[in-house]
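Here are a few exercises to work through with the model open on your screen. Try each one before you read its solution.

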Amino acid sequence: MAVILTVENLKTQFRIEGGLVKAVDGISFHINEREIIGLVGESGCGKSVSMLSIMQLISTPPGEIVDGKVIFDGKDLLKLEAKGAEMRSIRGSKIAMIFQEPMTSLNPTLTICRQLTEMLELHLGMDSQASRKRGIELLKLVGISDAETRVDDYPHQFSGGMRQRVMIATALSCNPRILIADEPTTATDVTTQAQLLELMKDMVTRFNASLVIVTHNLGVVARYAQRIYVMYAGRIVESGNSKDIFGAPRHPYTIGLLKCVPRLDEALDRKLVPIPGMPPNLIRMPPNCAFLPRCQYHIERCMQEPWPELREVGNQHYVSCYINTQEKQ
Amino acid sequence: MTQPSIAIKDFTVAPPRITSWQRFRRAFFSRWIVIIGLVILLVMMFTAIFAPWLAPYDPYKQDLSSPLLQPCKAHLLGTDGLGRDTLSRVIYGSRTALLIGFAVTGVAVIVGMVLGLCAGYFGGVVSMFIMRFIDALMSIPMILLALVIASVLGGGLKNVIIALSIGTICPYTRIMNGLVLSIKQNDYILAERAMGASDSRTMFSHILPNAFQPIIVMITMQLGFLILAEAGLSFLGIGIEPPFAAWGSMVNDGYQYLMTNPALSFAPGICIMLVVFAFNMVGDGLRDALDPRLRGMF
């Protein structure tokens, strides 16, 4: 499968009063055509910031992309001006993003029609008649019933799940190559989550696009993602196919995450095993492995050597760890 | 197969839709007090437009032989110290009031909103320059500011409008700046930028519509204040000087005769009161009618 987006050593930092927050500290990943990948990690690990960095949507006074390359369509996106016309033409039409909160993602003073057609008129140059027709088609595709009349309604007349569907329709309206879904289901209930994820999978298959699901919910990516990247404290600590990550996790963090999830096939009274400790302060990062204080497998080497580089432990399966956790389990 | 007792098709018909205009009409005219306000405004505008045909006398014509008459058949509201008919002056005064109100508001709102939008959206140096300038301007009481500007430029209608506009820009800029700062944080603004919207599109098509409501309320509050501010200026000798018929200056002129000829002050005074009330009610109604969130109620 062809690679459509490559991120090399992306580093994004925020300068705040207390110091320099290294939100993204050198991550590299790639996205193939027509693929669904999952980016997993807890709150504050840098998943959303890395996605915003790709689109150059970081607010530049406190934030700054200090290093790295984002290669898309043969160009390094980070070399383009953030507010320039070229970058703006890529956003929305080649790489689209949907956000976590459906309740606030739509402009309350504009009709759905206006918000759908704006992208079409802006990027594809359609006139208002054609874009309205296309907008209604898209609404039907995402499952909004009575689309011809609903298209003139305002966001507050839709429920959260429906608004998220409208967001998906808007994002896909210009046939982007990549759709980035930033915690798309965190704010919805479980049944709506399932519907939205199925819808997203359907849509990207139909539009031949790739999907990046950013989430802290392993269950969401287990079913849909083909490859998964696990992030911790601004770096990728494990990456691989879904089967490998879930079947044979190697990094102590991933192992810990999977242990946190209750299983259907075990005793009801098994105690839940959380990962002890807290995520590190991103301003005062230690030189060695950031997971060390919480790691139950650690050895002497972990305390002395710097944060481990990713090394290959299986087919396309990379881990940033000095220990072979397989033998310890 | 037996037919179901309730035909399926009865439930597949969508409820009747109403258009935006119908919705607006329903919302705006739902309260009788808003309608009263609108009627007063319409009467005032009608009077202002058709003043020459409605006024029984020339408002500037002095009749020194019949000064300070009480209301009588010939002069329904009496005459002032120089024998000019009060009723005619009140009618012509509506012109000045409307002119000052709309002209000053128009200039101030447009300039103020654009400045506020830029300051709030771009932040940094731009915001610093604009807002500190506005802060300095605002630290001078508006009447004093208008006084200084009007005395530099000279009195007269045009200069009063300029003088009042400069002072009125400040609250609009401030409000707009604050609104933009909070609207900017919303997810949908980020979503717009993620769709490739440029700065100007984001500012004018997305942030601005969300800022309208408080601005409309502010406009209606300011309009009454402007009429009063003009009166203050006239009192201090700058501004619309007699013989120009303006309600504010009429109230001040008639003040000295309050005990003997109350109509001289009360007539224009009541007009000011009615107009301010009318603007406030209409502004209220507009705000409720334009709020997309309250649409469900109508």
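**Exercise 1. Confidence**

Among the elements of chain B, which has the lowest mean pLDDT and which has the highest?

Solution. Keep in mind that you're looking at a predicted model. Step one: at the low end sits helix α1 (residues 20-28) of chain B, with a mean pLDDT of 74. Step two: at the high end is helix α5 (residues 124-139) of chain B, with 91. Step three: put those next to the whole chain, where the average pLDDT is 82 and 88% of the residues score at least 70. For the complex, the predictor gives an ipTM of 0.76 and a pTM of 0.76.

**Exercise 2. The overall build of chain A**

Work out whether the radius of gyration of chain A agrees with that of a compact globule or not.

Solution. Start with the length: for 329 residues, a compact globule would come out near 20 Å. Chain A has 21 Å, so the two agree. Now look at the box around its C-alpha atoms, roughly 70 × 50 × 40 Å along the principal axes. Inside, 44% of the residues of chain A count as buried. The chain holds 12 helices and 12 strands. Finally, take the contacts in chain A with a separation of 6 or more: 64% of them join residues 24 or more positions apart.

**Exercise 3. One helix, two sides**

Find helix α7 (residues 190-207) of chain A and sort out which of its residues are buried and which are exposed.

Solution. Check the helix length before anything else: 18 residues at 1.5 Å each should span 26 Å, and the end C-alpha atoms are indeed 26 Å apart. Next, pick out the buried residues of α7(A): Leu196(A), Leu197(A), Met200(A), Met203(A) and Val204(A). These cover an arc of only 130° around the axis, so they lie on the same side of α7(A). Their cover includes β3 (36-40), α6 (160-172), β7 (178-182), β8 (210-215) and α8 (218-224) of chain A. Flip to the other side of α7(A) and you'll meet Thr191(A), Thr205(A) and Arg206(A), which are exposed. Just after the helix comes Asn208(A), with a positive phi near 60°.

**Exercise 4. Where the chains touch**

How many residues does each chain bring to the contact, and which element of chain A gives the most?

Solution. Count by chain: 26 residues come from chain A and 20 from chain B. On the chain A side, α2 (85-90) and α3 (112-124) each supply at least two residues. The most comes from α3(A), with three residues. Sorted by class, this side of chain A has 11 nonpolar, 10 polar and five charged residues.

Note on methods: Residues are numbered from 1 along each chain as its sequence is written. Chains are lettered from A and ligands numbered from 1 in the order in which they are written. This is a predicted model: local features need pLDDT of at least 70, side-chain atom pairs count only at pLDDT 80 or more; totals for chains, interfaces and linings use all residues. Two residues are in contact if their C-beta atoms, placed from the backbone, lie within 7 Å. Helices (H or I, at least four residues) and strands (E, at least two) are DSSP runs, numbered from the N terminus. Ala, Val, Leu, Ile, Met, Phe, Trp, Tyr, Cys and Pro count as nonpolar, Asp, Glu, Lys and Arg as charged, and the others, Gly among them, as polar. The radius of gyration is taken over C-alpha atoms; the globule rule is 2.2 Å times the number of residues to the power 0.38. A residue is buried if 20 or more other C-beta atoms lie within 10 Å of its own, exposed if 12 or fewer, and partly exposed in between; C-beta atoms are placed from the backbone. pLDDT is the predictor's confidence in each residue, from 0 to 100. The expected span of a helix is 1.5 Å times one less than its number of residues. The arc is that of the directions from the helix axis to the C-beta atoms.
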